[in-house]
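Hi,

Here is the structure I promised to pass on. Have a look at it first, and then read my notes underneath.

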Amino acid sequence: MLDLFLKAGTDLSPKDASEKSGRLNIPETSPVTVANLSGKATIRSLTFSIPRDEALDFKNVRLRVTWDGRKAASIDAPIALFYGAGTLYNRDNREYLVKALPMNIRFSKERVYLACYFPMPFFRSAKIELVGSGAAFRDVEWAVRTVPMEDAPNRLAYFHATYADTPKPM
């Protein structure tokens with residue numbers, strides 16, 4: 001267990017995972033498709049990187065992931081919350097804002113790196129989108145790593161993470 005805990009903040013995805021990656025710009029409010037994956041697989045790594053000077057505004061961009069053509073996204077949350085922080089403000093100029101086993105947010109001199117290593121299986125397709133939050137973003141790097149699904153479908157479940165703001169709780 002100690003060896004596993006010491007890996008917090010490192011790349012936890014299998015070395016033989018297939019990778020798709022790219023760069024994109026995010027418009028002010030429109031969704032942009034990051035990746036359309038097909039087949040039967042498990043996402044083992046979902047990473048994004050942005051210029052450091054855009055971090056404060058990037059926190060509200062929404063990550064949306066839809067499994068197998070479903071009507072509603074199973075992941076729909078502000079990106080900072082999904083990756084384990086309420087904001088991407090790094091008051092103390094630390095290297096890691098979040099350093100956990102399944103997630104991390106790391107700052108370099110020029111960029112901010114967000115990484116998720118939760119296994120996320122899908123049976124036919126996965127659509128990954130980013131939805132703008134009122135500001136446009138340039139030079140967003142992304143990567144998704146997948147491995148073939150090995151478990152029986154009745155032993156797996158979709159990954160869910162949703163967020164809704166309730167300004168006046170009842």
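Below is what turned up, going from the whole chain down to single residues.

One thing to keep in mind from the start: this is a predicted model.

**The chain as a whole**

You'll find 3 helices and 12 strands in the chain. Its radius of gyration is 16 Å, close to the 15 Å that the globule rule gives for 170 residues, so the chain is as compact as a globular protein of that length. If you want a feel for the dimensions, the C-alpha atoms fill a box of roughly 45 × 40 × 40 Å along the principal axes.

How much of the chain is buried? Of the 170 residues, 42% count as buried. The accessible surface comes to about 9600 Å², and carbon and sulfur atoms account for 49% of that.

The contacts reach a long way along the sequence, too. Taking contacts between residues at least 6 apart in sequence, 76% join residues at least 24 apart. As for charges, the chain has 24 positive and 19 negative ones, and their mean positions are 3 Å apart.

**Salt bridges**

How many salt bridges does a search of the whole structure find? The search comes up with 10. Three of them are worth walking through.

Start with arginine 23 and glutamate 141, whose side chains meet in a salt bridge at 2.2 Å, N to O. Arginine 23 belongs to strand S1 (residues 18-26) and glutamate 141 to strand S11 (residues 137-148), so this pair ties together parts that are 118 residues apart in sequence. Arginine 23 counts as exposed because its relative accessibility is 58%, while glutamate 141, at 22%, counts as partly exposed.

Next come arginine 138 and aspartate 53, with their side chains in a salt bridge at 3.7 Å, N to O. Here again distant parts of the chain are linked: arginine 138 is in strand S11, aspartate 53 is in the loop between strand S3 (41-51) and helix H2 (55-58), and the two are 85 residues apart. Aspartate 53 is exposed, with a relative accessible area of 64%, and arginine 138 is partly exposed, with 42%.

The third pair is arginine 64 and glutamate 129, which form a salt bridge at 3.2 Å, N to O, between their side chains. Arginine 64 lies in strand S4 (residues 62-67) and glutamate 129 in strand S10 (residues 125-131), so parts 65 residues apart in sequence are tied together by this pair. Is glutamate 129 buried or exposed? With a relative accessible area of 8%, glutamate 129 is buried. Its partner arginine 64 counts as partly exposed, at 24% relative accessibility.

There is also a network: Arg23, Arg111, Asp139 and Glu141 are joined into one by salt bridges that share partners.

**Two buried residues and what they touch**

Glutamate 54 is in the loop between S3 and H2. Its relative accessibility is 12%, so it counts as buried. Leaving aside residues up to four places away in sequence, glutamate 54 touches Phe137 and Arg138. That Arg138 is the residue that pairs with aspartate 53 in the salt bridge above.

Alanine 143 sits in strand S11, and it is buried, with a relative accessible area of 12%. Which residues does alanine 143 touch, not counting those up to four places away in sequence? They are Glu19, Lys20, Ser21, Ser45, Leu46 and Thr47. Alanine 143 and glycine 22 are also worth a look: they are 121 residues apart in sequence, but 6.6 Å apart in space from C-alpha to C-alpha.

**Two backbone oddities**

Most residues other than glycine have a negative phi. Aspartate 68 has a positive phi of about 55° although it is not a glycine. You'll find aspartate 68 in the loop between S4 and strand S5 (75-78), where it is buried, with a relative accessible area of 6%.

Asparagine 93 also has a positive phi, near 55°. Its place is in the loop between helix H3 (79-82) and strand S6 (96-99). Unlike the buried aspartate 68, asparagine 93 counts as exposed, at 54% relative accessibility.

Over to you!

Key. Residues numbered from 1 in each chain as written. Predicted model: local features only at pLDDT ≥ 70, side-chain atom pairs only at ≥ 80, totals over all residues. Heavy atoms only, no water. Salt bridge = Lys/Arg side-chain N within 4 Å of Asp/Glu carboxyl O. Helix = DSSP H or I, 4+ residues; strand = E, 2+ residues; numbered from the N terminus. Buried < 20%, exposed > 50% of the residue type's maximum accessible area, 1.4 Å probe, protein only. Rg over C-alpha atoms; globule rule 2.2 N^0.38 Å. Contact = heavy atoms within 4.5 Å. Areas by Shrake-Rupley, 256 points an atom, 1.4 Å probe, with all protein chains shown as cover. Lys, Arg positive; Asp, Glu negative; His and termini not counted. Charge placed at Lys NZ, Arg CZ, Asp CG, Glu CD.
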